[in-house]
Structures are given as C-alpha cells and as structure tokens.
Amino acid sequence: GTVTPVAEMTALAHSHGVCVLVDGAQSVSHMPVDVQAIGCDFFVFSGHKVFGPTGIGAVYGRDAVLEKTPPWQGGGNMIADVTFERTLFNPPPDRFEAGTGNIADAVGLGAALDYVEQLGMANIGAYEHGLLEYATAKMLAVPGLRMIGTAREKASVLSFVLDGKEAVEVGKALDAEGIAVRSGHHCAQPILRRFGLEATVRPSLAFYNTCEDVDLLVDVLHGLRRK
Ligand SMILES: *Cc1c(COP(=O)(O)O)cnc(C)c1O
C-alpha cells in the first residue's frame, strides 16, 4: 500500500540520465494521476485494475522519447511509405499500434475511466483514505496481527500476517465468509523477503467498500485467533 514519492524518484533518476517507466497498475484506481507532474518518460496501467476489461491497458510515453523509439511489431496502419529500398513508419503513436486494435475492450476501458472520473478520483482517494484509517486501527487491535507496509503515505491496501497462521489459510477462512483478499507473495518476493516473509494476506479496499465490510473482516480475524 505504500505510495512511493514517484516524482522525486523520477527527478533523481533523470539527474543520472536514466529513463523512467512508472508501473501505475496499483495507483490508477486509488488516486488522481498526472503523468506530466510526475515527469516520467513512460506510465503504464492495466484496464482490469481500474474496473475495465482484462487484456487491455494503456501506455503513456513522452513525445521526445517515443520519437526515438523504433516500432516493436509490424502490421496495418503503421506505415507511411514503402519502397524496395526503405520503409517509412508513421509518427508515434501510430507506429506502435500495428494491426487492428482491440476495439471492444478499448470501448470498455473508456467506459470504466469515465465511470471513475465521474465519481472523481480525488473523492475516491479521500473516501478510501478514511476506510484505510478505520481498518488500520481495528486490525492493529487483533492480537498477533502484524501489518506489513506502514509508510506514512499509503493507499487503501493492507498487507498483514497473523501469528501462527499461514497466509493462504487466513485467505481461505476469509473467503469462506465471502471476503475476497489476495494471499501469497503478490509478485513482490524480493521485498517480502526483506521483511523475512514468504507471504502475506492482503485486503484491498475500494470505493464500494464500507466500514461494515471492515468490521466483518476484523470479526473473522478475531474468530481465527480464538481457534
Ligand atoms: C496487476 C499488476 C500488474 C500485472 O498486470 P496484468 O494486466 O494483470 O498482467 C503489473 N504491475 C502491477 C503493479 C500490478 O498491480
């Protein structure tokens, strides 16, 4: 759940001549994102992380960097002119969008983005922050629960471990009560091992969650402790 100081990190990388790609798959559904304020060269996210279809996402690239980037595959709509001697590609973004696009999913992703924009990303962020504070306080009161990731700036994602219980076991117990969480290594094995762990349980709260949802989660955790 840690919100990294991404603009500062980007500036630091740029000061060493390093190109920066930000993986925003976890930020786009929780907070407003301004790629120009971040100053990154690339920003990517997956459609399904922002309530859109699977199999589609977005890549933002800065003009100056895209101009210097060669095409990565061939196909329709990316060619300006072809002779036997040479091929001229269309300018970005066309030269990176070879072939017929994934039109239906793009429409779906557009609808999902309209939906969250209509709710307002800042509103979503503020509401989820309230939930995060509520959940953090209640969860820390569960005996034997250790929160993993306790940065000051956090999104509404709460990784934890419970003394004497396997993460997968906790995940299954929550699932049996209709509570969907991720349990496992969350594609983050190096940092988990830095904390001396192989797995955590990770509820992620979204704008459709309520304090009652959190209460149920915490009740089940208390119940597990008594078993
Ligand atoms: C989900 C996720 C991915 C993978 O995206 P898929 O579209 O599911 O392959 C990559 N990075 C982060 C940070 C993610 O949260």
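Reader: What share of the contacts between residues at least 6 apart in sequence join residues at least 24 apart?
Author: This is a predicted model, where local features need pLDDT of at least 70, side-chain atom pairs count only at pLDDT 80 or more, and totals for chains, interfaces and linings use all residues. Residues are numbered from 1 along each chain as its sequence is written, and side-chain values use heavy atoms, with hydrogens and water left out. A contact here means heavy atoms within 4.5 Å. On that basis, the share in the protein chain is 55%.

Reader: How much of the protein chain counts as buried?
Author: Buried means under 20% relative accessible area, with a 1.4 Å probe and protein chains only. Out of 227 residues, the buried part is 36%.

Reader: Which residues sit around the ligand?
Author: To make the list, a residue needs a heavy atom within 4 Å of the ligand. That gives D23, A25, Q26, S46, H48 and K49.

Reader: Which side chain has an N or O atom 2.8 Å from an oxygen atom of the ligand?
Author: Polar contacts with the ligand are pairs of N or O atoms within 3.5 Å. The D23 side chain pairs with a ligand nitrogen at 2.6 Å, and the K49 side chain has its ligand oxygen at 2.6 Å. The 2.8 Å pair belongs to Q26.

Reader: And how much of the ligand's accessible area does the protein cover?
Author: Accessible areas come from the Shrake-Rupley method with a 1.4 Å probe. The ligand on its own has 380 Å², and the protein covers 50%.

Methods: Buried means under 20% relative accessible area, exposed over 50%, partly exposed in between (1.4 Å probe, protein chains only). A polar contact is a pair of N or O atoms within 3.5 Å; within protein, one must be able to donate a hydrogen and the other to accept it, and residues adjacent in sequence count only if both atoms are side-chain atoms.
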